[in-house]
Amino acid sequence: MPCLDMAQIQELKDIMEDAFDDLVITYLHDCEQKLSSLDLAIKDSESNKIAELAHSIKGASSNICATDLAELCKKVEDSGRADELAKVPEYYHQILEEFQQVKLQLSEART
Amino acid sequence: MDEGQLNILIADDNQSDRMILSAIVKKMGHQVCEAADGLEAIEQYTNQSPDIILLDVLMPNMNGQQAAIEIKQLAGEDMVPIIFLTSLQDASDLAACLESGGDDFLSKPYNKVILQAKINAFSRMLKMHNTLQEQRDVIRENNEHMRHEQQVARAVYDNVAHSGCLDLPNIKYLLSPFSIFNGDVLLAARRPSGSVHILLGDFTGHGLPAAIGAMPLAEIFYGMTAKGFLMSDILREINAKLKNILPVGYFCCTCMVNLSFRRQQIEVWMGGLPDFALYREASGIVEHIKSKHLPLGVLSSSAFNPETQEFSFKPGDKFYMWSDGIIESRDESGELFGEERLFSIFNGKNPDLFFDNILDSMDTFAGESGRDDDTTLLELSMVNESVVGTVDIDLSSGAITGPTDWHLSYTLRDDTLKTFNPLPMMLNILNDVPSLRSISGQLYTLMAELFSNAFEHGVLGLDSSLKSSADGFAEYYKQRETAMKMMKDDFVKFEFDLAPSQDGGTLTIVVEDSGDGFDHKRINGQKEINLAYCGRGIPLIYSLCDSLTYHGNGNKVEVRLSWDAQIEE
């Protein structure tokens, strides 16, 4: 099951032209940093921080056409805002798995 | 920068988001500057002055809403559209964005087409706003320019239509300007003879159009009054001038007054004004003085009638004139102040307070809602001439040295004698002599007496004793009319001779007429005059000159005035 909307990816490539590779690299680097920050925040049960980081990853992911990843981030963001963290570790795992898929497919989309 | 190219600030903490937006915006041909948080966004706004801002809502350091508030404050009157970038869904969150100064939203994931449409829409709005601001600035500049011009014009106006001798102790007045220029004109000047000319004019309209008409009016009034012209001559001249220069429908409601201290009377010409008040101290009665003419500037010269009304004016009597702004002022309910209310003020016990009472009662009546026209009020009181002092002739005009050695002969024959007053013209010539200018008033009186003697008593043969009673006055003028019709080959001849001496000079005036003369032998050479000759004004003439001699059978008189250099200083 493709985790990227490939039609949108094509549009994004048209917009970015040569900068598409840079965009992918930047996005992935940024996301990895934020994911590790999110991991820490979850361990410390910092609801606000969790919501903030999830919101940020959600926005960037939706823009890079990773719709499913954005969906998962929204769940974490909502939980953080509601200060109901019970399911958050589970979501986080799903996010990590999804991110690996996104990373793979984005790399394929390059070249 | 190309036409239509904008500078767009992108503020988002996600670098990848900035990259995507930046790529879209650059593809549209705009310039981009970037910021990674709210503080940076404000900094970039200050340094780069972007035209449009794309602002992420949730950012570290300072969030988008706070940044929007600060940027809008910095922008002041400039328009800076802010488009919030958001994936927020909650309605109250979106509303909070707009309240902080946002103009629109763009939701994630970004849609190229929608972003382009929004940027284009704001670009049009910016253009319109800039045009408006430019036009506003032009209007502001024009307005400032106009105000400046008006101030300069005002200075010129004040020099021309100055208040003259309104500061005389027997005049109280109020001129309240409705705008920078006043539709009302109030002028006062002394004639060489010492009497006072006052003119109140109320032009149709206000401001510049009214002020423009006032300038030639004032010019003529002051110029002709100083040269000794009569009220009727001055009014005729002003009417002709205004008729000539004012557009149809514009005119000047006018009251002109000549106050003679010696004769204790006022002569009034009124056109187009409401009733004025003449207060008699002896009886306490207030007379309504009515306009008998159309305003100045309406009739052609041939139809114009300069006829005046004469009233005796004893010490303590007061004459009040006003513009219709007083009668037409309204109270809060819109009721007019009105003539009745105004005249009732003269029923008061203390005439000295009438002037202040009118002002007080108007202010009380109109209150804040106030005056919707120019309000002008003047009180003229009869006093002894010594209270107002002698005429201060303007020494600044004319040649510096002037003619000092000359002879002039001037003969007036029948037709001229009937219609023409030669005094202003002759006085003008004498005023070119600096030493004589300072005694211009005396000279005028002297020549007026000499001329009236030669013409009325000499040529027309009228008996001055008639004038001692009121009936006689009428009879005198009747005889005068008849005698004028009978004139044939008559003349009055003036000869002026000005001779310099070491320290000053001597002016000799010889006046000869075609009449039969009179028995002058009894008075020649003696300064104590029999009262019977008062009609010929001889004591007055004596008092004004150094010597007076009659020649022949009394139809030729010679007067002499000498002065030394000190008079000139």
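Helices and strands are DSSP runs, a helix having at least four residues and a strand at least two, and they are numbered from the N terminus. With that in hand, the exercises below work through a predicted model.

**Exercise 1.** Find the strand in which H197(B) lies, and decide whether H197(B) is buried or exposed.

*Solution.* Begin with the strand: H197(B) belongs to β8 of chain B, which covers residues 196-203. Next comes the burial, for which the cut-off is 20 or more other C-beta atoms within 10 Å. Around H197(B) there are 25 other C-beta atoms within 10 Å, so H197(B) is buried. As a third step, look at the surroundings: when residues up to four places away in sequence are not counted, H197(B) touches A188(B), A189(B), R191(B), T225(B), M231(B), M256(B) and N258(B). Finally, consider I266(B), which is 69 residues apart from H197(B) along the chain, while the C-alpha atoms of the two are separated by 9.8 Å.

**Exercise 2.** Work out the order of the strands in the open sheet that contains β8(B), and say which strands stand at its edges.

*Solution.* The sheet has five strands, arranged as β7-β8-β9-β10-β13 of chain B, and their pairing is antiparallel. The edges are formed by β7 (184-190) and β13 (309-312) of chain B, each of which pairs on one side only. From one strand to the next, the twist averages 15°. For a closer view of one pair, take β7(B) and β8(B), which are joined in the antiparallel sense over seven bridges; within this pair, V185(B) stands opposite G201(B) in β8(B). A helix also belongs to the picture, since α7 of chain B (residues 231-245) packs on the sheet and touches β8, β9 (252-260) and β10 (265-271) of chain B. The direction of α7(B) makes about 165° with that of β9(B).

**Exercise 3.** Describe how strand β1 of chain B is placed, asking how many of its five residues are buried and which strands pair with β1(B).

*Solution.* Four of the five residues of β1(B), residues 7-11, are buried, and therefore the strand is largely enclosed by the rest of the structure. One partner is β2 of chain B (residues 31-35), paired with β1(B) in the parallel sense over five bridges. Here I8(B) stands opposite V32(B), and L9(B) stands opposite C33(B). Another partner is β3 of chain B (residues 52-56), where the pairing is again parallel and runs over four bridges; the bridge partner of L9(B) in β3(B) is I53(B).

The next step is to follow the chain, which crosses from β1(B) through helix α1 of chain B (residues 15-27) to β2(B) in a right-handed β-α-β crossover. These strands belong to an open, parallel sheet of five strands in the order β2-β1-β3-β4-β5 of chain B. Its edge strands are β2 and β5 (104-107) of chain B, and neighbouring strands are turned by 20° against each other on average, direction ignored. Helix α2 of chain B (residues 38-48) lies across β1, β2 and β3 of chain B, running at about 165° to β1(B).

**Exercise 4.** Identify which residues of the largest nonpolar core touch the most other members, and which helix gives the largest share of this core.

*Solution.* The core has 62 residues, of which L187(B), L217(B), F221(B), C255(B) and V257(B) touch the most other members. Helix α6 of chain B (residues 207-226) supplies the largest share, ten residues. To see what surrounds one of the members, leave aside the neighbours of F221(B) within four places in sequence: F221(B) is then in contact with L187(B), A189(B), L199(B), I234(B) and I238(B). Apart from this core lies another, of 60 residues, including V24(A), A54(A), A60(A) and F99(A).

**Exercise 5.** Determine how many residues each chain brings to the contact between chains A and B, and which helix gives the largest share on the side of chain A.

*Solution.* Chain A brings 17 residues and chain B brings 16 residues. On the side of chain A, helices α1 (6-16), α2 (20-43) and α3 (47-63) each supply at least two residues. The largest share, eight residues, comes from α3(A). Sorted by class, this side of chain A has seven nonpolar, six polar and four charged residues.

Note on methods. Residues are numbered from 1 along each chain as its sequence is written. Chains are lettered from A and ligands numbered from 1 in the order in which they are written. This is a predicted model: local features need pLDDT of at least 70, side-chain atom pairs count only at pLDDT 80 or more; totals for chains, interfaces and linings use all residues. A nonpolar core is a set of buried Ala, Val, Leu, Ile, Met, Phe, Trp, Tyr and Cys residues joined through C-beta atoms within 7 Å. A residue is buried if 20 or more other C-beta atoms lie within 10 Å of its own, exposed if 12 or fewer, and partly exposed in between; C-beta atoms are placed from the backbone. Two residues are in contact if their C-beta atoms, placed from the backbone, lie within 7 Å. Ala, Val, Leu, Ile, Met, Phe, Trp, Tyr, Cys and Pro count as nonpolar, Asp, Glu, Lys and Arg as charged, and the others, Gly among them, as polar. Two strands pair if DSSP finds at least two bridges between them. A crossover is right-handed if, with the strands pointing away from the viewer, the path from the first strand over the helix to the second runs clockwise. Axes are lines fitted to C-alpha atoms, for helices over the stretch in contact, and angles run from 0 to 180 degrees between N-to-C directions.
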